[in-house]
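Subject: Structure handover and notes

Hi there,

Here is the structure I promised to pass on to you. Have a look at it first, and then read on for my notes.

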Amino acid sequence: MELLDRVLEYYKVKNPLVVKQLFLKYMNLVLEKNKLFNLTAIEDEEEFVIKHIADSLSLLKFLEEESSSQNPVAIDIGSGFGAPGLFVKIAMPSINVWLNDSNKKKCNFMIEAKESLGISGVNVVCERAEVLGRKEDFREKFDFVFARAVDRLNVLCEYALPLLKIGGAFLAQKGYVCEDEIELASNAIELLGGRLTRVEKFVLPFSDEKRSVIVIKKLRQTPSNFPRNTKQIVKKPL
């Protein structure tokens with residue numbers, strides 16, 4: 001697929017022939033399984049390449065620039081069928097990725113996909129992110145947290161920041177217009193031990209799809225009373 005070749009070249013992905021074959025296999029798995037239950041609203045292959053693959057690969061720049069480790073560990077919360085986490089892993093083999101979703105069918109699909117692709121350094125955990133944030137094995141254990149259009153930023157911060165190590169970064173993928181969300185999240189960011197360090201706006205290559213990535217660094221430990229339970233987070237966001 002020529003469009004995929006151009007996207008891989010645009011993002012300067014190493015070993016593009018290997019990556020391309022894995023991406024195509026993964027895309028075909030998603031589109032085939034999508035006939036049985038809803039994984040994505042996108043069924044056109046070229047649209048899939050832009051809105052899922054290129055969108056996921058937009059994180060590579062931030063991972064390279066923000067990482068202090070050669071083998072960073074990331075968790076993708078609300079991963080759905082594995083985007084952006086599994087696409088990032090395929091393009092950047094040095095990263096270890098946890099794919100997290102609370103939907104059992106989606107988690108089972110992600111397990112099937114990673115086994116079918118034969119990729120190591122990928123784990124799937126089926127649980128709500130705020131529950132993981134209270135577990136010793138997950139709390140403040142990650143260099144990066146990804147979240148792609150999962151919820152409002154003030155809510156996302158309470159899911160994400162408890163999972164980050166001090167010095168780690170939350171990469172929130174958002175639409176182009178995100179100023180109101182950022183303003184509403186300022187209290188949550190500060191309270192949970194973070195600081196907004198960067199907001200970058202861009203257009204996905206070979207398209208008119210506008211996106212933002214918000215970078216929030218973890219400066220201090222998150223207070224032990226966060227994250228709260230699901231009802232509190234949703235009913236009364238920070």
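Let me start with one ion pair: Lys20 forms a salt bridge with Asp5, and their closest N and O atoms are 3.1 Å apart. This pair ties together distant parts of the chain, since Lys20 belongs to helix α2 (residues 16-33) and Asp5 to helix α1 (residues 2-10), 15 residues apart. Please keep in mind that this is a predicted model. The two partners differ in their burial class: Lys20 is buried, at a relative accessible area of 13%, whereas Asp5 is partly exposed, at 35%. Lys20 gets its label because 13% falls under the 20% cut-off for buried residues.

**Other salt bridges**

Searching the whole structure gives 20 salt bridges. As general background, side chains of opposite charge can pair when their charged atoms come close. Here are two further pairs and a network:

- Lys35 pairs with Glu32, with 3.4 Å between the closest N and O atoms. Lys35 is exposed, with a relative accessible area of 64%, while Glu32 is partly exposed at 48%.
- Glu200 pairs with Arg198, and here the closest N and O atoms are 3.2 Å apart. Glu200 is partly exposed, with a relative accessible area of 21%, whereas Arg198 counts as buried at 19%. The two labels differ because the cut-off for buried is under 20%, with Glu200 at 21% and Arg198 at 19%.
- A network of salt bridges links Glu47, Lys51, Asp55, Arg148, Glu209 and Arg211.

**Around Ser58**

Asp55, a member of that network, turns up again beside Ser58. The backbone oxygen of Asp55 lies 2.6 Å from a polar atom of the Ser58 side chain. Ser58 sits in the loop between α3 (45-57) and α4 (60-66). Is Ser58 buried or exposed? With a relative accessible area of 6%, Ser58 is buried. Leaving aside residues up to four places away in sequence, Ser58 touches Tyr11, Gln173, Phe202 and Leu204.

**Helices α8 and α9**

Next comes a helix pair you may like to display by itself. The axes of helix α8 (residues 153-160) and helix α9 (residues 179-191) come within 7 Å and cross at roughly 35°. The crossing of α8 and α9 is right-handed. Which residues of α8 meet α9? On the α8 side they are Leu153, Asn154 and Cys157, and on the α9 side they meet Glu181, Ile182, Leu184, Ala185, Ala188 and Ile189. By type, the residues of this contact divide into 7 nonpolar, 1 polar and 1 charged.

Helix α8 is mostly covered, with 8 of its 8 residues buried. Among the buried residues of α8 are Val155, Glu158 and Tyr159. Val155 also has a partner in space from another part of the chain: its C-alpha atom and that of Val234 are separated by 7.2 Å, although the two residues are 79 apart along the chain. Val234 is in helix α10 (residues 230-235) and counts as partly exposed at 48% relative accessibility.

**Backbone details**

If you plan to look at the backbone torsions, here are four places to visit:

- The peptide bond from Ala83 to Pro84 is cis, with omega near 10°. Pro84 is in the loop between β1 (73-77) and α5 (85-91).
- Phe226 and Pro227 are also joined by a cis peptide bond, with omega about 0°. Pro227 lies in the loop between β7 (210-218) and α10.
- Glu140 has a positive phi, near 55°, in a residue other than glycine. Glu140 is found in the loop between α7 (129-132) and β4 (142-148), and at 18% relative accessibility Glu140 counts as buried.
- Phe206 likewise has a positive phi in a residue other than glycine, near 60°. Phe206 is in the loop between β6 (194-203) and β7 and is partly exposed, with a relative accessible area of 40%.

That is everything from my side. Happy browsing, and write back whenever you like!

Best wishes

Note on methods
Residues are numbered from 1 along each chain as its sequence is written. This is a predicted model: local features need pLDDT of at least 70, side-chain atom pairs count only at pLDDT 80 or more; totals for chains, interfaces and linings use all residues. Side-chain values use heavy atoms; hydrogens and water are left out. A salt bridge is a side-chain nitrogen of Lys or Arg within 4 Å of a carboxyl oxygen of Asp or Glu. Helices (H or I, at least four residues) and strands (E, at least two) are DSSP runs, numbered from the N terminus. Buried means under 20% relative accessible area, exposed over 50%, partly exposed in between (1.4 Å probe, protein chains only). Axes are lines fitted to C-alpha atoms, for helices over the stretch in contact, and angles run from 0 to 180 degrees between N-to-C directions. A crossing is left-handed if the near helix is turned anticlockwise from the far one by less than a right angle, and right-handed if clockwise. Contact means heavy atoms within 4.5 Å. Ala, Val, Leu, Ile, Met, Phe, Trp, Tyr, Cys and Pro count as nonpolar, Asp, Glu, Lys and Arg as charged, and the others, Gly among them, as polar. A polar contact is a pair of N or O atoms within 3.5 Å; within protein, one must be able to donate a hydrogen and the other to accept it, and residues adjacent in sequence count only if both atoms are side-chain atoms.
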